[in-house]
Amino acid sequence: NGKIAVALTGNPNSGKTTLFNSITGAKQHVGNYPGVTVEKREGFRRYQNKDLLLVDLPGTYSLTAHALDELIARNFIIQDKPDVVVDILDASNLERNLYLAVQLLELERPMVLALNMVDVAKNMGTKIDLNALAEKLGVPVVGTVGNRRTGVDELLTAVVNESGNKVREPLRIDYGADLEEKIASLEELLTKVRYDLRFPGRWVALKLLENDQEIIKLIAGLPEGAAVVAAATDARQILQEALNMEPELAIANYRYEYVGRLSREVIIAKRESVLTVS
Ligand code: GDP
Ligand code: K
Ligand code: MG
């Protein structure tokens with residue numbers, strides 16, 4: 001009946017709470033995530049005859065199983081299945097913020113990018129081609145200045161539009177021949193595991209190769225899952241030899257390369273550093 005669940009994600013200090021407050025006003029509710037003491041903020045907003053339920057997730061730089069905040073963010077997105085994930089990026093620090101964005105995109109949920117702090121980026125002489133970024137990532141991108149409420153309506157319009165959509169073309173970072181071969185074979189093995197898999201198969205395969213203890217535990221506990229975990233252990237050994245490094249490091253490197261290239265492609269102007277004469 002027009003209810004839309006929206007999760008706000010992003011790096012710490014990208015402006016999540018500022019945008020959350022701009023969108024929801026004072027009507028916020030603070031709770032805890034089940035079993036942990038990390039604060040969960042919920043708020044409401046009626047927009048274009050829809051009820052938006054917003055959740056402000058903990059700020060993170062990545063989505064590994066090493067940190068509680070990162071686990072909370074990814075588990076919320078995967079298990080609660082918000083209708084739309086809004087990733088709030090600090091436009092003045094685009095490359096670093098894109099590192100989280102691509103990991104969120106790999107979760108294959110409907111998503112909108114809010115490129116916040118475009119005022120700060122502009123003052124630094126940085127201009128970003130939002131359309132190019134949207135096209136390359138396959139998601140809508142809206143420029144915002146959270147503390148001035150600039151772009152908030154445009155952002156909400158994009159959220160409402162996206163909520164009725166299936167995920168477009170999921171982002172596929174090319175992890176290179178060695179990793180891609182193992183990802184494909186694990187993904188194939190995973191189709192035989194009978195599980196209520198809300199996680200995308202490719203994402204689970206990547207997490208197994210990254211030695212993600214949460215996902216390993218989850219899969220190992222499922223019927224036929226132990227064989228997949230064993231195959232992943234073998235694959236990790238082979239990859240370690242072939243790549244001459246831990247597979248998780250190789251995967252992170254491919255992501256860094258991808259976001260480095262992407263940010264160079266979409267930053268259309270960058271002021272030359274000013275030489276000081278002494
Ligand atoms: P969070 O950690 O992601 O929740 O970030 P906050 O909402 O706490 O914002 C961090 C700081 O950035 C605060 O001082 C905000 O007032 C400021 N801020 C948020 N959005 C913008 C913006 O678009 N432009 C500028 N210049 N400052 C912003
Ligand atoms: K903050
Ligand atoms: Mg905050």
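Helices (H or I, at least four residues) and strands (E, at least two) are DSSP runs, numbered from the N terminus. The expected span of a helix is 1.5 Å times one less than its number of residues. The structure is a predicted model, in which local features need pLDDT of at least 70, side-chain atom pairs count only at pLDDT 80 or more, and totals for chains, interfaces and linings use all residues. Residues are numbered from 1 along each chain as its sequence is written, chains are lettered from A and ligands numbered from 1 in the order in which they are written, and side-chain values use heavy atoms, with hydrogens and water left out.

Helix α2 covers residues 68–80, 13 residues in total. From its first C-alpha to its last, α2 reaches 17 Å. This is close to the expected 18 Å. The buried residues of α2 (under 20% relative accessible area; exposed is over 50%, partly exposed in between; 1.4 Å probe, protein chains only) are Glu 70, Leu 71, Ile 72, Ala 73, Arg 74, Phe 76, Ile 77 and Ile 78. Lys 81 comes just after α2 and takes a positive phi of about 45 degrees.

Strand β6 spans residues 111–116. Six of its six residues are buried, so β6 is largely enclosed by the rest of the structure. Both of its faces are covered. Met 111, Leu 113 and Leu 115 are buried on one side. Val 112, Ala 114 and Asn 116 are buried on the other. Strand β5 (residues 84–90) runs parallel to β6, and six bridges join them. Two strands pair if DSSP finds at least two bridges between them. Val 86 has Val 112 of β6 as its bridge partner.

Positive phi values also occur in the loops on either side of β6. Glu 108 is found in the loop between α3 (94–105) and β6. Its phi is near 60 degrees, a positive value in a residue other than glycine. Glu 108 is partly exposed, with a relative accessible area of 23%. Met 117 is found in the loop between β6 and α4. The phi of Met 117 is near 60 degrees, again positive in a residue other than glycine. At 24% relative accessibility, Met 117 counts as partly exposed.

Ligand 1 is surrounded by 15 residues (a residue is near a molecule if one of its heavy atoms lies within 4 Å of it). The closest are Asn 13, Lys 16, Thr 17, Thr 18 and Asp 119. A backbone N or O atom of Asn 13 lies 2.8 Å from an oxygen atom of ligand 1. For Gly 146, a backbone N or O atom lies 3.0 Å from a ligand 1 oxygen. Asn 147 places a polar side-chain atom 3.3 Å from a nitrogen atom of ligand 1. Taken alone, ligand 1 exposes 580 Å², and the protein buries 69% of that. Accessible areas come from the Shrake-Rupley method with a 1.4 Å probe; for residues, only the protein chains shown count as cover. Two elements, α1 (16–24) and α4 (118–123), give two or more residues to the shell. The largest share, three residues, comes from α1.

Arg 202 lies in helix α8 (residues 201–209). At 10% relative accessibility, Arg 202 counts as buried. A polar contact of 2.9 Å joins its side chain to that of Glu 180. Such a contact is a pair of N or O atoms within 3.5 Å; within protein, one must be able to donate a hydrogen and the other to accept it, and residues adjacent in sequence count only if both atoms are side-chain atoms.
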